[in-house]
Each structure stands twice: as structure tokens, then as C-alpha cells.
Amino acid sequence: MSDASEESRIRVGACGIICSACPLGSGAVAESAATLRQHIRDYKIPEWSPFAPEGRGLKWDDVDLALSWMARYARCLGCESGGGPPDCPIRRCARDRGYDMCSSCDDLESCTKFDWLKEHGSMLKAALTESRGRSKEDYALAMASRMEM
């Protein structure tokens, strides 16, 4: 059992992603899938969809199975707890180099490991560069306060 201070701590990956701001980390994707699955059932959409344009031939059992899976498993625990993509090049690199945060790395500005995150990767690198010298906790608090603006 973890203590209260650990539970209230803002989770953040080495890449600078604040878990609670991520749709997977916050549970928003899983909750949306569960809600959509329930709406499909409540409004009996599979029964009337064949009468709507392009509604014939939809495989509603597959949709239900996929949404059920998402509601159960589309929740990221955060990198520190084994979540996130298992092959994330950013996490692997930070771990291999012994960094808690990529902001500690001298190669951050030229790093290409953020490229798979597209424009979000560029924003993360800029925030990490700006936060050089801060602890992970200070970074998380600063980013959380920016998101509240």
C-alpha cells in the first residue's frame, strides 16, 4: 500500500508528459469507451443502424468487444509504474542514461527520440529545456500550474 504523499504526487514521465493531462493517463479514453458502449446499448443502435446510410454490414459485436477492451485496458499507469508504450525510445534512453527527466540530458536539443510524438514532442522538448535544473516534482508543479491558466 502506498502512502498518501505518493498517491497525491503528480505523475510525470522522463519525457515531460504529465500523466493526468494525457487522455490515457487520466482515464478519459477508457471512460469515453465505457460511456459510448453504454449509449450504443441503451439506444439500441445496432437494431436501427441497418436503416441508416452505410449502416448495413456493421459488425456491432466487434465494436462492442473493442469498446469493452478499451474500457478495461486503455488506461496508462504512467512510465514509472510500467505504463506507456513498452518500446518508448524516450523512456528507454532516459533509463539507460540514468536520467529521471530528459531535462538532465545534454543531448536534449538535438534528440530525435521525441520525433514520434510529432508537434507534441517539440513542445515537450521546449518545456524540458526551459526546466533544466528543476527536480521532477518542481517541473510537474510548474506544468500543472500552466495547465490551470
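**Exercise 1. Is Ile 40 buried or exposed?**

Solution. The model is predicted.
- Step 1: locate the residue. Ile 40 sits in helix 2, residues 28-42.
- Step 2: take its relative accessibility, which is 12%.
- Step 3: apply the cut-off. Buried means under 20% relative accessible area.
- Result: Ile 40 counts as buried because its relative accessibility is 12%.

**Exercise 2. Find what Ile 40 touches, leaving out residues up to four places away in sequence.**

Solution.
- Step 1: use the contact cut-off, heavy atoms within 4.5 Å.
- Step 2: list the partners. Ile 40 touches Ile 45, Pro 46, Trp 60, Val 63 and Leu 67.
- Step 3: place Ile 40 against a residue elsewhere in the chain. Asp 107 is 67 residues from Ile 40 in sequence. From C-alpha to C-alpha, Ile 40 and Asp 107 are 49 Å apart in space.

**Exercise 3. Describe the fold and the overall shape of the protein chain.**

Solution.
- Step 1: count the elements. There are 7 helices and 0 strands.
- Step 2: read them in order. The pattern along the sequence is α-α-α-α-α-α-α.
- Step 3: compare the radius of gyration with the globule rule. The chain has 20 Å; the rule gives 15 Å for 149 residues. The value is well over the rule, so the chain is more spread out than a compact globule.
- Step 4: add the dimensions. The C-alpha trace spans about 60 × 35 × 30 Å along its principal axes.
- Step 5: add burial. Of the 149 residues, 30% are buried.
- Step 6: add contacts. Among those with a separation of 6 or more, 55% join residues 24 or more positions apart.

**Exercise 4. Which residues make the nonpolar surface patch of about 440 Å²?**

Solution.
- Step 1: name the members. They are Tyr 43, Trp 48 and Phe 51.
- Step 2: place one of them. Phe 51 lies in the loop between helix 3 (45-48) and helix 4 (60-73).
- Step 3: check its accessibility. Phe 51 counts as exposed because its relative accessibility is 69%.
- Step 4: set the patch beside the whole surface. The protein chain exposes about 10,000 Å², with 56% supplied by carbon and sulfur atoms.

**Exercise 5. Find and classify the aromatic pairing in the structure.**

Solution.
- Step 1: search the whole structure. The search finds 1 aromatic pair.
- Step 2: take its geometry. The ring centres of Trp 69 and Tyr 73 are 5.8 Å apart, and the planes meet at 40°. The pair is therefore tilted.
- Step 3: relate it to the helix. Trp 69 and Tyr 73 are 4 residues apart in helix 4, so about one helical turn separates them.
- Step 4: check exposure. Tyr 73 is partly exposed, at 46% relative accessible area.

How values were computed: Residues numbered from 1 in each chain as written. Predicted model: local features only at pLDDT ≥ 70, side-chain atom pairs only at ≥ 80, totals over all residues. Heavy atoms only, no water. Patch = residues over 30% accessible without salt bridge, like charges linked within 9 Å, V, L, I, M, F, W, Y side chains within 5 Å. Areas by Shrake-Rupley, 256 points an atom, 1.4 Å probe, with all protein chains shown as cover. Salt bridge = Lys/Arg side-chain N within 4 Å of Asp/Glu carboxyl O. Helix = DSSP H or I, 4+ residues; strand = E, 2+ residues; numbered from the N terminus. Buried < 20%, exposed > 50% of the residue type's maximum accessible area, 1.4 Å probe, protein only. Rg over C-alpha atoms; globule rule 2.2 N^0.38 Å. Phe/Tyr/Trp six-rings, centres within 6.5 Å; stacked < 30°, edge-to-face > 60°.
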